[in-house]
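These are my notebook entries, written while going through the structure one place at a time. I put the sequence and the structure here before anything else.

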Amino acid sequence: MSRAFLVVMDSVGIGGAPDAADFFNGDRPDAGANTLAHIAQACTEGRAEVGRSGPLHLPNLCALGLWAAVELASGETALGGVPGGLWGAASETSPGKDTPTGHWELAGVPVPWDWHYFPETTPAFPDDLVAEVCRLAGTEGILGNVHASGTEIIARLGAEHVATGWPICYTSADSVFQIAAHEDSFGNDRLQKLARDLSPMLHAMKVGRVITRPFVGDAGSFARTANRRDYAMALPSPSLCDWVQAAGGSVHGVGKIGDIFSMQGIDDVVKGDDAALMDQLDRLVEEAEEGSLTFANFVEFDSLYGHRRDISGYARALEWFDARIGTVIGRLKKGDMLLLTADHGNDPSWFGNDHTRERVPVLIAGLGAGALGLCQFSDIAATVARHLGVAAQGPGRSLI
């Protein structure tokens with residue numbers, strides 16, 4: 001028996017997506033975006049000196065073949081090094097560059113439809129949707145109704161929300177409908193019920209997720225809590241997680257995985273910030289059962305630094321992750337496979353604040369060294385299934 005650890009470095013793209021010119025940040029195409037190479041370049045040129053200094057230092061990821069994967073994906077020569085793991089670069093086929101689309105395809109389920117995105121207008125939402133929110137919430141109106149940053153809109157409208165009881169509703173460049181509400185004055189249970197009851201209408205529109213954003217505090221000091229929930233559409237077919245469960249294995253989610261897959265095929269989930277999630281990954285390397293899949297997402301590259309176009313912050317996060325994942329790799333047991341990849345790009349040097357359409361790295365520890373070449377997202381699911389001796393049901397091919 002074997003174990004598999006599938007770890008998604010959220011938004012750590014490596015450029016070179018063949019269809020990048022068909023995806024945009026505002027009116028600028030994503031062709032030329034390269035999250036990792038551009039961060040490395042900024043570090044070398046002294047443009048990422050906040051909280052860190054000097055060239056980007058990723059010895060453990062480099063040892064697996066990260067920079068070789070960057071060059072394979074995009075032709076960019078970064079920091080070099082001799083690969084000591086299996087390495088390659090994967091392209092996405094689904095018509096999206098968002099988190100659910102990327103994760104679903106990594107798990108063997110390419111998305112067969114185009115997601116619905118709300119227009120960058122004010123108001124952003126159609127009248128019938130607003131009316132349904134009001135009916136379910138028992139309010140006379142909503143606040144927001146725009147594209148917005150979650151922290152900014154809470155700071156701007158939080159006091160009015162507390163005074164009126166109207167939920168704050170907003171969206172982003174992703175296919176999402178987000179609802180923010182105060183845990184004390186509105187109530188977290190009420191917020192979650194509102195999102196749960198509203199989800200079928202939005203899912204019928206092909207909006208991928210309804211996300212709750214509970215917060216606490218007073219005007220001038222509002223702060224979001226850890227009680228966020230994502231109400232995602234159900235997958236159109238069984239994923240890698242279902243395949244593993246059907247074969248009698250356990251599936252442990254770390255981070256957003258339970259929300260992304262609506263707990264379909266997931267036995268248990270642990271949440272927290274990335275530091276806490278890395279502690280949980282350490283624990284699962286020690287405790288996870290034979291035949292199990294641990295599926296982890298580390299989101300802060302994306303949520304804290306990519307969207308905010310913070311190159312220094314992204315570089316710091318990468319260097320922290322590299323140091324911690326080196327310890328995890330060193331504790332793998334005989335027969336374990338650790339596969340590191342990403343779900344899309346989010347180049348912090350790029351235009352706008354949306355994800356960028358990029359290839360992603362495929363780095364495998366525990367199974368020797370060698371080049372895997374260019375592949376597809378769905379090949380990752382087939383590879384994990386092959387390692388676990390599980391029948392794959394998706395379109396991918398195993399890389400091992």
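**Entry 1: a glycine in a loop**

Leaving aside its neighbours within four places in sequence, which residues is Gly345 in contact with? I kept in mind that I was looking at a predicted model, and I looked up the contacts: they are Ser11, Gly13, Thr35, His355, Thr356 and Glu358. Gly345 itself sits in the loop that runs between β14 (336-341) and β15 (360-365), and I noted that it is buried, with a relative accessible area of 0%. I also took one distance from this place, to Met278, which is 67 residues away along the chain, and the two C-alpha atoms are separated by 21 Å.

**Entry 2: backbone angles that I checked**

Ser11, one of the contacts of Gly345, drew my attention again, as it has a positive phi of about 85 degrees although it is not a glycine. Its place is the loop between β1 (3-9) and β2 (24-25), and since its relative accessibility is 0%, Ser11 counts as buried.

Met263 is also not a glycine and has a positive phi, of about 65 degrees. I found Met263 in the loop between α9 (257-260) and β12 (268-270), where a relative accessibility of 39% makes it partly exposed.

I then looked at a peptide bond, the one from Thr122 to Pro123, and recorded it as cis, with omega near 5 degrees. Pro123 belongs to the loop between α4 (99-106) and α5 (127-137).

**Entry 3: helix α1 and its surroundings**

How many of the 10 residues of helix α1 (residues 35-44) are buried? I found 8 of them to be so, and the helix is therefore largely enclosed by the rest of the structure. The buried ones are Thr35, Leu36, Ala37, His38, Ile39, Ala40, Ala42 and Cys43, and I noted that these residues pack against α3 and α12. Just after α1, Gly46 takes a positive phi of about 75 degrees.

Leu36 seemed a good residue to follow outward from this helix. Apart from its neighbours within four places in sequence, Leu36 is in contact with Val12, Gly13, Ile14, Leu56, Leu58, Leu66, Trp67, Val70 and Leu318.

In helix α3 (residues 66-74) I stopped at Ala68, which counts as buried at 18% relative accessibility, the cut-off being under 20%. Once the neighbours within four places in sequence are left aside, Ala68 is in contact with Pro83 and Trp87. From Ala68 to Ala89 the C-alpha distance is 9.3 Å, with their positions 21 residues apart in sequence.

**Entry 4: the nonpolar cores**

Which members of the largest nonpolar core touch the most other members? Of its 90 residues, I listed Leu36, Leu56, Trp104, Leu240, Leu293, Phe321 and Leu340. Helix α12 (residues 311-330) gives the most to this core, namely 8 residues. There is also a second, separate core of 22 residues, and among its members are Ala124, Ala137, Cys169 and Leu191.

**Entry 5: an exposed place**

After so many buried residues, I asked whether Gly220 is buried or exposed. With a relative accessibility of 86%, Gly220 counts as exposed, and its place is the loop between β8 (209-216) and β9 (223-224). Gly220 and Pro100, which are 120 residues apart in sequence, lie 33 Å apart from C-alpha to C-alpha.

**Entry 6: the chain as a whole**

Last, I turned to the whole protein chain, in which I counted 13 helices and 16 strands. Its radius of gyration is 21 Å, close to the 21 Å that the globule rule gives for 400 residues, so the chain is as compact as a globular protein of that length. The C-alpha trace spans about 60 × 50 × 35 Å along its principal axes, and buried residues make up 57% of the 400 residues.

For contacts between residues at least 6 apart in sequence, I noted that 68% join residues at least 24 apart. The accessible surface comes to about 14700 Å², and 51% of it belongs to carbon and sulfur atoms. On charge, I wrote down 30 positive and 50 negative side chains, with the centres of the two sets 2 Å apart.

Conventions
Residues numbered from 1 in each chain as written. Predicted model: local features only at pLDDT ≥ 70, side-chain atom pairs only at ≥ 80, totals over all residues. Heavy atoms only, no water. Core = buried A, V, L, I, M, F, W, Y, C linked by side-chain atoms within 4.5 Å. Buried < 20%, exposed > 50% of the residue type's maximum accessible area, 1.4 Å probe, protein only. Helix = DSSP H or I, 4+ residues; strand = E, 2+ residues; numbered from the N terminus. Contact = heavy atoms within 4.5 Å. Rg over C-alpha atoms; globule rule 2.2 N^0.38 Å. Areas by Shrake-Rupley, 256 points an atom, 1.4 Å probe, with all protein chains shown as cover. Lys, Arg positive; Asp, Glu negative; His and termini not counted. Charge placed at Lys NZ, Arg CZ, Asp CG, Glu CD.
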